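Q: I am new to this structure and would like a close look at one part of it. Could you walk me through how its oppositely charged side chains pair up, and then show me a little of what lies around them?

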Amino acid sequence: EKVLKALPWGALKNPEKVIVAEVLSVKIHPRTVMLETLSGQLDILCTHPMFGPESGKHGWRNLPFMFERVRVKEANRALCDRLIGIFASEGCLMYEMSCTTHDSYAASSQFVTHTTGRILSKLGLKSTPINTKGFESLLKLVETTCKDSFDLYQGLYKHNLHSKQQLKLLRTAFDEIERDLTTKGIEVRGNGEFKVPSQTDVNPNVMRMKPSATIQIHALATALKEKGEEVISLAVGEPNDTKCPAPILAAAQKALSEGRTYYTSSSGMLELRREICLKLKRDNGLEYTPAQVVVSNGAKQSIMQLVTALVAPDDEVIIPAPYWTSYPDICRLAGCSPKIIRTEAKDGYLLSPSQLEAAITPNTRLLILCTPSNPTGSMYPKAALEALAAVLRKHPRIFVVSDEIYEYITYMGEE
């Protein structure tokens, strides 16, 4: 982008007759940058001569050449064809395809090849007196891939979302192979008996989760109380000395007595969703219909379902810290990546617009805000929320999960 902006395009006498051709290994990124940066008068041709480091020795015949006429005026069609024809005349295998298709292919071929070579290079493989042909091929792969600069390899990853998915698939593949090696087959005991391994496999996303710190502290507090010790627990989010209000108990008893013990709608009882709509209008000035409301068994279920429904494996979820301990593990279980942004006491533990802007990447999908905050109790004033909203409006792909479970526990008269 810097290079494109630095070039003296204004010096062109007839820009409408100019075709800008690029030869990078990743296509969507340069295509997007050129469309956003270059004048509409300039035509754009994306190419990828996939020749490799040995092409100078043996020529270009039968080597693939990919191209897309991103923006070529009819008046410049002959000039564009002449440029492409240079490679066709050398015997290249010509492939006209979209940049999106190219990047999908590149991730599963180029990126996987380069990654495999660089993984093997980390092992420090050396030739041995008993090399197999397969091992010789691996040594050659290390040599070939490591000749290319790391910047080129990093570009294949940084500017191609498909490559990021491939890297995750490689990790999963390694995990599956290790699991197969350690769990499949038959174990022979010393007494000659046979035993099938009994290890139970679980979803890799579950393995990424960590034990809940809140539950661990709550269990410790409960154990101490059972020993007769006086404990004030600040672990789980429930008042220690407040009983369930009598009207709720009476309504539950009445419903049970009337036989209301059957399945409700999956989104919750209609009359309850109507009451929630009235609450939102009365207390928050928000207009919703019952069809837009879903009743869950608690905040954790609601957030889990929201995250699962909205994220993909490559996505990131921005979480200001300090945070409720469940947020990151909900993200891990859903298969996405939590991105923790530290806030400071001097700032009231509030995420600033500049912090939010700096944290956003092409993979950002969600921002989780909790106000009043668990665990700090801090609240985002209206002006602070509007400032964050101004940043988010520039990124329409990002959703906001607003966790307002402590809406009425403010103690300071704030709204």
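A: Let's begin with one idea: a residue is called buried when its relative accessible area is under 20%, exposed when it is over 50%, and partly exposed in between, using a 1.4 Å probe and the protein chains only. Please keep in mind that this is a predicted model, in which local features need pLDDT of at least 70 and side-chain atom pairs count only at pLDDT 80 or more, while totals for chains, interfaces and linings use all residues. Residues are numbered from 1 along each chain as its sequence is written, and side-chain values use heavy atoms, with hydrogens and water left out.

A good place to start is Arg77, which counts as partly exposed because its relative accessible area is 36%. Its neighbour in our story, Asp81, is also partly exposed, at 33% relative accessibility. Both residues belong to helix α4, where they sit 4 residues apart, about one turn of the helix. Helices (H or I, at least four residues) and strands (E, at least two) are DSSP runs, numbered from the N terminus.

Now for the pairing itself. Side chains of opposite charge can pair when their charged atoms come close. Here a salt bridge is a side-chain nitrogen of Lys or Arg within 4 Å of a carboxyl oxygen of Asp or Glu. Arg77 and Asp81 make such a contact, with 4.0 Å from N to O. Asp81 has another partner too: its side chain meets that of Arg69 in a salt bridge of 2.7 Å, N to O. Because Arg69 lies in strand β3 (residues 64–71) and Asp81 in helix α4 (residues 77–89), this pair ties together parts that are 12 residues apart in sequence. So Asp81 takes part in a bridge within its helix and in one that reaches to a strand.

Let's hold that picture beside a second example. In helix α14 (residues 326–334), Asp329 and Arg332 are 3 residues apart, about one turn of the helix. Their side chains form a salt bridge whose closest N and O atoms are 2.9 Å apart. How covered are these two, buried or exposed? Asp329 has a relative accessible area of 9%, so Asp329 is buried. Arg332 is at 16%, so Arg332 counts as buried as well. Back in our first group, salt bridges that share partners join Arg69, Arg77, Asp81 and Glu96 into one network. Across the structure, the count comes to 17 salt bridges.

To round off the visit, turn to a part of the surface without such bridges. Val202, Val206, Met207, Met209 and Leu333 make a nonpolar surface patch of about 410 Å². Patches are made of residues with over 30% relative accessible area and no salt bridge, joining like charges within 9 Å and nonpolar side chains (Val, Leu, Ile, Met, Phe, Trp, Tyr) within 5 Å. The accessible areas come from the Shrake-Rupley method with a 1.4 Å probe, and for residues only the protein chains shown count as cover. One member of the patch, Met207, is found in helix α9 (residues 204–207). Met207 counts as exposed because its relative accessibility is 61%.
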